[in-house]
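Subject: The structure I promised you

Hi there,

Here is the structure for you to open and turn around on your screen. Have a look at it first, then read on for what turned up.

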Amino acid sequence: MINNGNQQNRNNSIMKKLFLSIIALCCMSAAGAQGTDEISAILQHGEEVSVFKGSTGLKEAYAAAADGDIITLSQGTFEPVNIEKALTIYGAGFEDNEDTHTAITAINGHLRVGKADTIISGFHIEGVRIIGTLAFVKKMKNVKVQRCETTENITFAEDVENVVVKQSRVRGGLSGATSLVASGLLISNCYVWGEINYFNDNSSVNIDHTFVGTQINRDYDYHNYNMYAQFVWTNSIIYNNGPYYRMATGNYATVKNCIVVTGGGTVRDNNIIENCYYVDPADVFADAEDGLYTESRTFQLKDEATYQGTDGTPIGPSGGAGWNKVPSKPYVANLSATVSGTSLGVTYEAGVK
């Protein structure tokens with residue numbers, strides 16, 4: 001039997017959380033309008049909302065937070081904090097863009113996530129520029145990194161499960177360790193300038209609709225050097241951006257519907273290769289003749305009709321879910337109120353976009 005009362009309570013709880021998130025956004029916008037001295041972190045704990053101002057706001061909000069809480073950061077630069085709780089962190093964006101109404105929320109230093117002797121389950125960070133490395137230092141589960149930027153790397157030090165890195169820019173690389181098992185790691189619609197490597201062969205890693213530069217700066221031959229697990233590469237652009245001849249895909253990887261940019265050794269002979277295209281650098285993109293990143297890039301292909309992914313959308317970040325850098329925001333629409341005696345009735349549509 002369905003308990004309508006319990007369902008109504010759940011619905012009310014969801015709506016309260018949305019309204020609290022909107023309050024947080026209003027506080028964030030007001031703080032941003034007053035200048036960088038008023039940057040703020042908004043902590044949503046259950047039905048309570050707290051505001052922490054200044055560059056230490058993230059640290060103070062984190063200290064007051066509990067597992068499951070939401071921290072919303074205004075634009076501005078915050079001091080880093082070591083995170084040992086299951087939290088959701090929203091920022092204003094990792095690039096300043098008037099057209100998309102995004103600003104920069106930055107964490108000025110490495111962001112370390114993980115707790116000794118504990119598996120943190122449920123960590124979400126979105127719309128943040130990390131000036132340094134995003135380092136998952138202990139076991140993690142149910143992680144989402146979306147529409148973020150790291151100026152260095154994303155690293156994993158222990159086993160992880162169900163991790164999504166999506167629509168993000170990684171200026172360095174993304175790596176684990178040869179003893180580390182990643183069970184369900186999805187890298188989707190990202191721009192990764194460096195290497196993706198160092199996971200145990202028992203891992204399940206899918207690189208989908210992603211640009212991978214595989215840049216290295218070390219002065220030796222990578223032709224027979226295997227430091228990659230057996231990833232599944234789908235709908236991605238494998239771009240040899242360095243001066244050395246080496247392999248971007250590991251032994252016995254599966255590579256499907258990818259563009260391999262010519263000019264260097266990038267895919268191993270022992271890979272399973274299906275429906276891939278070997279294309280000169282100048283012939284890949286419609287918005288540039290190289291793979292260098294700029295804020296205005298869309299990564300639209302010159303020949304979208306030919307270079308199709310397994311899902312029927314263009315190969316690379318422009319296909320699939322698309323190259324979208326705007327962080328999610330709660331909204332309320334079609335708000336109306338009616339008065340009956342001493343009661344106020346409110347109807348509305350609410351969600352997150």
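Let's start with H101, which is exposed, with a relative accessible area of 63%. Where does H101 lie? You'll find H101 in the loop between β5 (88–90) and β6. Its backbone is worth a look too: H101 has a positive phi of about 60° although it is not a glycine. Most residues other than glycine have a negative phi. Y198 is another case, a residue other than glycine with a positive phi near 60°. Y198 is found in the loop between β19 (196–197) and β20 (204–208). Is Y198 buried, partly exposed or exposed? Its relative accessibility is 27%, so Y198 counts as partly exposed.

Before going further, keep in mind that this is a predicted model. The average pLDDT over the chain is 84, and 75% of the residues score at least 70. Two stretches deserve some caution. Over residues 30–36 the pLDDT is below 50, and this stretch has three contacts in the model beyond near neighbours in sequence. Residues 217–226 also have a pLDDT below 50, but here the model shows 23 contacts beyond near neighbours in sequence.

Now for the whole chain. It holds two helices and 29 strands, so you'll be looking at strands a lot. Of the 353 residues in the chain, 48% are buried. The accessible surface comes to about 16200 Å², and 47% of that belongs to carbon and sulfur atoms. If you take the contacts between residues at least 6 apart in sequence, 38% of them join residues at least 24 apart.

On to the strands. How many strands form the open sheet with parallel pairing? There are 10, and their order is β4-β6-β9-β12-β15-β18-β21-β23-β25-β27. β4 (76–78) and β27 (277–279) stand at the edges; each has a single partner strand, so one side of each is left without a neighbour in the sheet. For a pair you can find inside this sheet, try β6 (residues 105–107) and β9 (residues 129–130), which pair in the parallel sense over two bridges. Here I107 stands opposite I130 in β9.

Some other strands are worth tracing as well. β11 (residues 140–146) and β14 (residues 160–166) run parallel and are joined by six bridges. M140 stands opposite V160 in β14. β14 also pairs with β17 (residues 182–188), again in the parallel sense and over six bridges. In that pairing, E161 has S183 in β17 as its bridge partner.

Next, the aromatic rings. The count comes to 17 aromatic pairs. Take F136 and F156: their ring centres are 5.2 Å apart and their planes are at 10°, so the pair is stacked. This pair links distant parts of the chain, with F136 in β10 (residues 134–136) and F156 in β13 (residues 154–156), 20 residues apart. Both rings belong to buried residues: F136 has a relative accessible area of 2%, and F156 is at 4%.

Y293 and F299 give you another arrangement. Their ring centres are 6.3 Å apart and their planes are at 40°, so this pair is tilted. Y293 is buried at a relative accessible area of 13%, and F299 counts as buried at 0%. Which residues form one aromatic cluster? They are Y191, W193, F211, Y239, F285, Y293, F299 and W323, so try colouring them together on your screen.

Last, the cysteines. How many disulfides does the structure hold? The count is zero. For C190, the nearest cysteine sulfur is that of C148, 9.8 Å away. C190 is buried, with a relative accessible area of 0%. C258 is in no disulfide either, and its nearest cysteine sulfur, that of C276, is 4.9 Å away. A disulfide needs the two sulfur atoms within 2.5 Å, so a distance of 4.9 Å does not count as one. C258 is buried too, at 0% relative accessibility.

Happy exploring, and write back with any questions!

Cheers

Key:
Residues are numbered from 1 along each chain as its sequence is written. This is a predicted model: local features need pLDDT of at least 70, side-chain atom pairs count only at pLDDT 80 or more; totals for chains, interfaces and linings use all residues. Side-chain values use heavy atoms; hydrogens and water are left out. Two strands pair if DSSP finds at least two bridges between them. Helices (H or I, at least four residues) and strands (E, at least two) are DSSP runs, numbered from the N terminus. pLDDT is the predictor's confidence in each residue, from 0 to 100. Contact means heavy atoms within 4.5 Å. Buried means under 20% relative accessible area, exposed over 50%, partly exposed in between (1.4 Å probe, protein chains only). Accessible areas come from the Shrake-Rupley method with a 1.4 Å probe; for residues, only the protein chains shown count as cover. Rings of Phe, Tyr and Trp (its six-membered ring) pair if their centres lie within 6.5 Å; planes under 30 degrees apart count as stacked, over 60 as edge-to-face and the rest as tilted.
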